[in-house]
Amino acid sequence: MRSTSDYVLQELRMVYHGSCHCGRISFEVEGDCTAVVECNCSICRKKAYLHWIVPRQSFRLLTPPGALATYTFNTRTAQHHFCPVCGVAPFYVPRSDPDKVDVNARCLDNVDLSRLQVGCFDGQNWDDAFRKYVSTRPGSER
């Protein structure tokens, strides 16, 4: 049974709409986008990605999955989805959290990017940075 606080929390969460440039890829994501992460790895730097990682159940693809193009490299864990028409990459499945969805905050409608808190991830040194990231997650041993 859900508590009253669960319903209050659910009411405070926003539903954002996002898309690629041409609109062929469209999605909704529920949550509170106030903080994002900028990564300096080769692909994120070139795509100017602002990462907002959300649980899969908070993400809803409005476009048929067959409309997506997907790029993988290195470990082939990350699934970099993009629009085959305009080339924009609005979301992907991240190597760091393959059970979640990583939304590019730059592809969300009506989000003032200047108001977002931006953290940094040293993707150029991915393995070391990921070990540090995991060690700071709630419930991790320090």
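Start by selecting residues 91-93 and 100-104: these are strands β8 and β9, which pair in the antiparallel sense over 2 bridges. Keep in mind as you click around that you are looking at a predicted model. Between β8 and β9 there are 6 residues, and the two strands form a hairpin. To see one of the pairings up close, pick Phe91 and look across to β9, where its bridge partner is Val103.

Stay on β9 for a moment. Is this strand mostly covered or mostly open? Mostly covered: 4 of the 5 residues in β9 are buried.

Now add residues 50-55 to your selection, which is strand β4. β4 also pairs with β9, in the antiparallel sense, and this time over 5 bridges. For a single pair to zoom in on, try Ile53, whose bridge partner in β9 is Asp102.

**Zoom out: the whole chain**

Show everything as a cartoon and colour it by secondary structure. You should find 3 helices and 10 strands. Walking from the N terminus, the elements come in the order α-β-β-β-α-β-β-β-β-β-β-β-α. The chain has 142 residues, and 36% of them count as buried. Among contacts with a separation of 6 or more, 56% are between residues 24 or more positions apart.

**The pocket**

Next, switch on a surface. Rolling a probe the size of a water molecule over the atoms shows where empty space is left. The largest pocket here has a volume of about 740 Å³. Which residues should you select to land close to its centre? Go for His51, Tyr92, Ser96, Phe121 and Trp126, which lie nearest the centre among the 34 residues that line this pocket.

You can also colour the lining by element. At least two lining residues come from each of β3 (35-39), α2 (42-47), β4 (50-55), β10 (117-121) and α3 (126-135). Which element gives the largest share? That is β3, with 4 residues in the lining.

**An open sheet of 3 strands**

Hide the surface and select residues 14-19, 26-31 and 59-61. The strands β1, β2 and β5 form an open sheet in the order β1-β2-β5, with antiparallel pairing. At the edges sit β1 (14-19) and β5 (59-61), each pairing on one side only. Look along the sheet and compare the strand directions: neighbouring strands are turned by 20° against each other on average, direction ignored.

For the pairing between β1 and β2 (residues 26-31), there are 6 bridges, and the two strands run antiparallel. Click on Val15 and then on Glu30 in β2 to see one pair of bridge partners.

While Glu30 is still on screen, select Ser58, which is in contact with Glu30 as well as with Arg13, Glu28 and Val29, leaving aside its neighbours within four places in sequence. Ser58 belongs to the loop between β4 and β5. Is this loop residue buried or exposed? Ser58 is buried, because its relative accessible area is 9% and the cut-off for buried is under 20%.

**Thr70 and its partners**

Move on to strand β6 (residues 69-71) and select Thr70. Now show His81 too: the two residues are 11 apart along the chain, yet their C-alpha atoms are separated by 4.4 Å. Turn on the side chains of Thr70 and His81 and you'll find a polar contact of 2.8 Å joining them. Beyond its neighbours within four places in sequence, Thr70 also touches Gln79, His80 and Phe82, along with His81. Thr70 has 45% relative accessibility, so it counts as partly exposed.

**Last stop: two unusual spots in the loops**

Select Asn74, which sits in the loop between β6 and β7 (79-82). What is the sign of its phi? Phi of Asn74 is positive, near 50°, although the residue is something other than glycine. Asn74 is exposed, because its relative accessible area is 61% and exposed means over 50%.

Finally, jump to Ala48, in the loop between α2 and β4. Ala48 isn't a glycine either, but it has a positive phi of about 55°. How does Ala48 count in terms of accessibility? Ala48 is partly exposed, because its relative accessibility is 35%.

Conventions
Residues are numbered from 1 along each chain as its sequence is written. This is a predicted model: local features need pLDDT of at least 70, side-chain atom pairs count only at pLDDT 80 or more; totals for chains, interfaces and linings use all residues. Side-chain values use heavy atoms; hydrogens and water are left out. Two strands pair if DSSP finds at least two bridges between them. Axes are lines fitted to C-alpha atoms, for helices over the stretch in contact, and angles run from 0 to 180 degrees between N-to-C directions. Buried means under 20% relative accessible area, exposed over 50%, partly exposed in between (1.4 Å probe, protein chains only). Contact means heavy atoms within 4.5 Å. A polar contact is a pair of N or O atoms within 3.5 Å; within protein, one must be able to donate a hydrogen and the other to accept it, and residues adjacent in sequence count only if both atoms are side-chain atoms. On a 1 Å grid over the protein atoms alone, a cavity is a set of points where a 1.4 Å probe fits but cannot get out, and a pocket is an open set with protein on both sides within 12 Å along at least five of seven lines; lining residues have an atom within 4 Å of a point. Grid points are joined across faces, edges and corners, and a volume is the space filled by probe spheres set on the points.
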